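Here is a short briefing on one protein chain. It covers a buried acid, the nonpolar cores and a helix pair.

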Amino acid sequence: MTDAFLARCRAVCGASRVLTGAAEMAPFLTDWRGRFTGRARAVLLPGSRDEVAQLVQACAEHRVPIVPQGGRTGLVLGSVPDASGEAVVISLRRLDQILDIDTVNRTMTVQAGCILQQIQDAAQEAGLLFPLSLAAEGSCTIGGNLSTNAGGTAVLRYGNTRDLCLGLEVVTPQGRIWDGLRGLRKDNTGYALRDLFVGAEGTLGIVTAAVLKLYPQPKASTTALVAMASPERALALLSLMQDVCGPSLTAYELMSDFCLRLVGAHFPHLPRPFVHNHAQYALLEVSSSESEAHAVGLLESGIETALEQGLADDAVVAMSGAQSGSLWQLREHIPLAQAVAGKNIKHDVSLPISRIAEFIASTDRQLAASFPGCQVVCFGHLGDGNLHYNVAPMEGVAHEAFLSNQDAINRIVHDSVAAFDGSISAEHGIGALKREELVRYKDAVELDMMRAIKAALDPLGIMNPGKIL
């Protein structure tokens, strides 16, 4: 059966596009962090949606599980196969064409294998903006972004990937093609099928193309780093800046003092904006459709008021694009500094914005009581309620030994998230890594509805099995 199945796959996309050797499959089988390597019957590299559909038809007939794969930059084991060796990986990396840019409708139609940065650059060349921005934008693909409903730094202004998508093209688990590539802002003709597949992590079908929203390029943007005494002050400053700047406030990031000290220790060439350390820092970006002077004026007006009201202790406003880039590097190097420092226990959580300060204080206390001396690396997209709340070992404790506490630490953090009406996954999805956690924290009615949708669309259970559910 395996020989017949693989022969059919070779007939669909060519013998060189059906990888079965251990060495040639290896890059497709290991997760982004290098913590897990699965096994696969084959890695398939289709070059069109029709080839994807024919491969899925073959998988359905032979009952072969499918793991759809984009840029493989996910962090929850959602795009790699399990250890059974039964599944095939269908990589979308050859579906990498930008199909259309409509500057009047302000949409772009792209194939799922397009790299995010490729889409950003194409929009800029057309005089427009595709605002999704992630640390992995040079490697991640838009199909993966859609399948995980990726967030990033601009969610405050533009929303998640779901909000940036108008239409999809999807290959169903039966190998049929749903052509929903319509660039419509209004379409009330029944169920919003698009929203079923965005965030489904490849468990309901394979996204092969999408229609994306484009926006006007801002005339100018400017950045500031503001120092303050506490997360409560950071929340008060967020409200103030939203009142002053309105939709011009495009990013609002929170970083603790420990985060910046970690960056300074491992990347000493980066700027040190303040002479003295402060408990918390907020990185703000303001964009203007009018002029640079307008953007700077809004930013400075808000910061001046914050200083007068005692919400902020100090501030640095970038006076050039290079200075803005330097301030952003401080934020972007936090994950890199963590990686250099060693392994830690990561959490990607979201909370009601108004409860973030309470969550940080409460969870910090609980961790300190159970694991004295552990170090919390807390940073994230405060403007949309998304925190990266990571826990590093105590001084002098081996990182591998500390990881043995992962289940206990996850329980403290995730129970606290639930107590504050939050979510255990803000932008990285569930995959296989958080599947059992989902059962613990998701409402039973929600889980039943999710299982019903899965059973209706994928009755054979071949689409990315073991992920989410």
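Buried means under 20% relative accessible area, exposed over 50%, and partly exposed in between (1.4 Å probe, protein chains only). By that cut-off D458 is buried, with a relative accessible area of 3%. The model is predicted: local features need pLDDT of at least 70, side-chain atom pairs count only at pLDDT 80 or more, and totals for chains, interfaces and linings use all residues. Residues are numbered from 1 along each chain as its sequence is written, and side-chain values use heavy atoms, without hydrogens and water.

**Around D458**
- D458 sits in the segment after α16 (444–457).
- Its side chain makes a polar contact (N or O atoms within 3.5 Å, one able to donate a hydrogen and the other to accept it) of 2.7 Å with the side chain of K454.
- The D458 side chain also reaches the backbone nitrogen of M463 at 3.0 Å.
- Leaving out residues up to four places away in sequence, D458 touches P173, T203 and M463 (heavy atoms within 4.5 Å).

**Nonpolar cores**
- The largest nonpolar core (buried Ala, Val, Leu, Ile, Met, Phe, Trp, Tyr and Cys joined through side-chain atoms within 4.5 Å) has 47 residues.
- L237, Y252, F359, L367, L387, Y389 and I409 touch the most other members.
- Helix α8 (residues 231–245) gives the largest share of this core, 7 residues.
- Another core, of 31 residues, lies apart from it and includes L116 and V207.

**Helices α1 and α3**
- The axes of α1 (residues 2–13) and α3 (residues 49–62) come within 9 Å and cross at roughly 170°.
- That makes α1 roughly antiparallel to α3 (angles over 145 degrees).

Technical notes. Helices (H or I, at least four residues) and strands (E, at least two) are DSSP runs, numbered from the N terminus. Axes are lines fitted to C-alpha atoms, for helices over the stretch in contact, and angles run from 0 to 180 degrees between N-to-C directions. Angles under 35 degrees count as roughly parallel, over 145 as roughly antiparallel, 65 to 115 as roughly perpendicular and the rest as oblique.
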